[in-house]
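Me: I'd like a close look at one part of this model, starting from a single side chain and working outwards. Here is what I have in front of me.

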Amino acid sequence: MRNRYFERNTDNREVTGLNMASLPDLIFTVLFFFMIVTHMREVNLRVHYELPQGTELQKLEHKGSIVSIYVGRLPSATGDGDFAIQLNNQVATVDDIKAFLEEERLRMSSEDQARMTVSIKADRDVPMGIIADIKQALQQEYALKISYSATEKGKTKTNK
């Protein structure tokens, strides 16, 4: 005896079509989500640095008003004293800081210019003479808000 509930009628099979009308909306929604959430790295690091450790750390506000100066070793450096300064994507000297700051100020809005902060991201072994030269160049350009980057005590962060 055959059970009629398990019988299949193979004559009337029809595949329903997928409604593709909302697919472009979904794709653009996902695209916009990733465009908003993703942070693109603006600077390609040419110097290697290992940040010093600190205990009293604060996060910087207003990311648009932060100008970064990197101080570290070049990948081709052989000695212990071979430190270089990187401004944006170029290896530079202390004398180039003036033109760099002028260019960055032109790029910023007037609000960001007022709260511009220079973040020095230096290797833990950089001599203080280099840092003092950078600070003196910043003072001459009236960039008086200076921040030093560090990692939290117990954590290490190496940028290569």
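Me: Where does R73 fall by relative accessibility: buried, partly exposed or exposed? Take that as the starting point and walk me through the charged pairs and the packing.

Reply: R73 comes out as partly exposed, at 22% relative accessibility. The cut-offs here are under 20% relative accessible area for buried, over 50% for exposed, and partly exposed in between, with a 1.4 Å probe and protein chains only. Before going further, keep in mind that this is a predicted model, with pLDDT of at least 70 needed for local features and 80 or more for side-chain atom pairs, while totals for chains, interfaces and linings use all residues. Residues are numbered from 1 along each chain as its sequence is written, and side-chain values use heavy atoms, with hydrogens and water left out.

Now for the partner. R73 meets D123 in a salt bridge, 3.7 Å from N to O; the rule asks for a side-chain nitrogen of Lys or Arg within 4 Å of a carboxyl oxygen of Asp or Glu. R73 sits in strand β3 and D123 in the loop between β6 and α4, so the pair ties together parts that are 50 residues apart in sequence. Those element names are DSSP runs numbered from the N terminus: helices are H or I with at least four residues, strands are E with at least two. On the other side of the pair, D123 is buried, with a relative accessible area of 9%.

Another bridge involves the loop between β6 and α4. R124 pairs with E50, with the closest N and O atoms 3.6 Å apart. E50 is in strand β1 and R124 is in that loop, 74 residues apart, which makes this a link between distant parts of the chain. Both ends are partly exposed: E50 has a relative accessible area of 28% and R124 has 37%.

The salt-bridge count comes to five. Among them is R107 with E104, whose closest N and O atoms are 2.6 Å apart. That pair stays within helix α2, three residues apart, or about one turn of the helix, and E104 counts as buried at 7%. E111, D112 and R115 are linked in a network of salt bridges.

Then there's a charge without a bridge. E141, in the loop between α4 and β7 (146-148), is buried yet has no salt bridge, and R105, the nearest side chain of opposite charge, is 4.1 Å away. (Lys and Arg count as positive and Asp and Glu as negative; His and the chain ends are not counted.) Leaving aside neighbours within four places in sequence, E141 is in contact with K98, L101, E102 and R105, where contact means heavy atoms within 4.5 Å.

On to the packing. A nonpolar core here is a set of buried Ala, Val, Leu, Ile, Met, Phe, Trp, Tyr and Cys residues joined through side-chain atoms within 4.5 Å. The largest one has 21 residues, and I69, I97, L101, V118, I134 and L138 touch the most other members. Two or more residues each come from β3 (66-73), β4 (83-87), α2 (97-107), β6 (117-122) and α4 (128-140), with α4 giving the most, at four. L138 touches I69, I97, L101, V118, I120, A143 and I146, not counting residues up to four places away in sequence. Apart from this core lies another one of six residues, including V43, Y49, L51 and Y70.

Helix α2 also carries F100, which counts as buried at 7% relative accessibility. Beyond its sequence neighbours within four places, F100 is in contact with V67, S68, I69, L87 and N88. The C-alpha atoms of F100 and L87 are separated by 7.1 Å, with the two residues 13 apart along the chain.

Last, the rings. The structure holds two aromatic pairs: rings of Phe, Tyr and Trp (its six-membered ring) pair if their centres lie within 6.5 Å, and planes under 30 degrees apart count as stacked, over 60 as edge-to-face, the rest as tilted. F33 and F34 are edge-to-face, at 5.3 Å centre to centre and 70 degrees between the planes. Y49 and Y70 are tilted, at 6.0 Å and 35 degrees. Y49 is in strand β1 (residues 49-50) and Y70 in strand β3, so that pair ties together parts 21 residues apart in sequence. Y49 is buried at 4%, and Y70 counts as buried at 9%.
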